[in-house]
Each structure stands twice: as C-alpha cells, then as structure tokens.
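Please open the model in your viewer and keep a selection panel at hand. The stops below are meant to be followed in order.

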Amino acid sequence: VQLQASGGGLVQVGGSLRLSCAASGNIFNINDMGWYRQAPGKQRSMVATITRRGRTNYADSVKGRFTISRHNAENTIALQMNSLQPDDTAVYYCNADVLKNMWDRGTNYWGKGTLVTVSS
C-alpha cells in the first residue's frame, strides 16, 4: 500500500492551498484517513481526520480554515487550506487505516509528506 500526497508549496499569508492524497495497492477498504503535520522542532500532530462515512475531526488551530474531504471509490482525500498563517508551515503527511481483506483488522500507513511553507 502506498499513499501519495501532493499539492504542497509556498504561499503567502492569507493564501490557500489544496493537498491531495491517493492510496493505492492491496486495498480492500479504508477506515479513517487523515492529515497530520510536523513543523521544525515539533512533534507530528493531527490536522484533520475523516471516517469512511464522512465524519470529520479537526485540530482547534485549523477549525474554520481547513476542510477535509474524501472520495471513497477512488481512495483519496483532500485538504483545502484557506487563510494560511505562518504557524501552518510544516510537512503535511497523509495517513490511512487500510484493510487488505474482510478479515483484516487494519494497518496504519503514512505518505512521505508534502511541504507547506507560508511566508509573511
């Protein structure tokens, strides 16, 4: 199973970016998917998650600015990021809890990360 993230880049304060992540490989189903980020010198933290049924959860720092969405049939998620601030600068990682068959209990996978830099 591979998770391929894209969409990072350099943006000015107040700008927007959209991240995408596609899961591929031996996939029967996917439970939760989400985005996490790690800023320099800090631990990786949750940004937003979404269940297969579309229930979302956001970090307090991004509520009202970021929106996570999911396309189950294509095994993809996206993160629309608006009103970006310098504190949003980080490497963003895609995450998925993947089932490889109907008896599987799920395995957690991470993408390689995509860098988002917000300049002031």
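The tour goes from an aromatic pair, by way of a charged side chain, to a pocket.

This is a predicted model, in which local features need pLDDT of at least 70, side-chain atom pairs count only at pLDDT 80 or more, and totals for chains, interfaces and linings use all residues. Residues are numbered from 1 along each chain as its sequence is written, and side-chain values use heavy atoms, with hydrogens and water left out.

Select Tyr36 and Trp110, which form an edge-to-face aromatic pair with 5.0 Å centre to centre and 70° between the planes; rings of Phe, Tyr and Trp (its six-membered ring) pair if their centres lie within 6.5 Å, with planes under 30 degrees apart counted as stacked, over 60 as edge-to-face and the rest as tilted. A search of the whole structure finds one such pair. Tyr36 belongs to strand β4 and Trp110 to strand β10 (residues 107-110), so that the pair links distant parts of the chain, 74 residues apart (strands are DSSP runs of E, at least two residues, numbered from the N terminus).

Next, add Arg44, which lies over the face of Trp110 at 4.5 Å from the ring centre and over the face of Tyr93 at 3.7 Å; the criterion is CZ of Arg, or NZ of Lys, within 6 Å of the ring centre and within 35 degrees of the ring normal.Finally, select Arg37, Ala39, Lys42, Ser45 and Asp87, which lie nearest the centre of the largest pocket among its 15 lining residues (a pocket is an open set of 1 Å grid points, over the protein atoms alone, where a 1.4 Å probe fits, with protein on both sides within 12 Å along at least five of seven lines; lining residues have an atom within 4 Å of a point).

Technical notes
Helix = DSSP H or I, 4+ residues; strand = E, 2+ residues; numbered from the N terminus.
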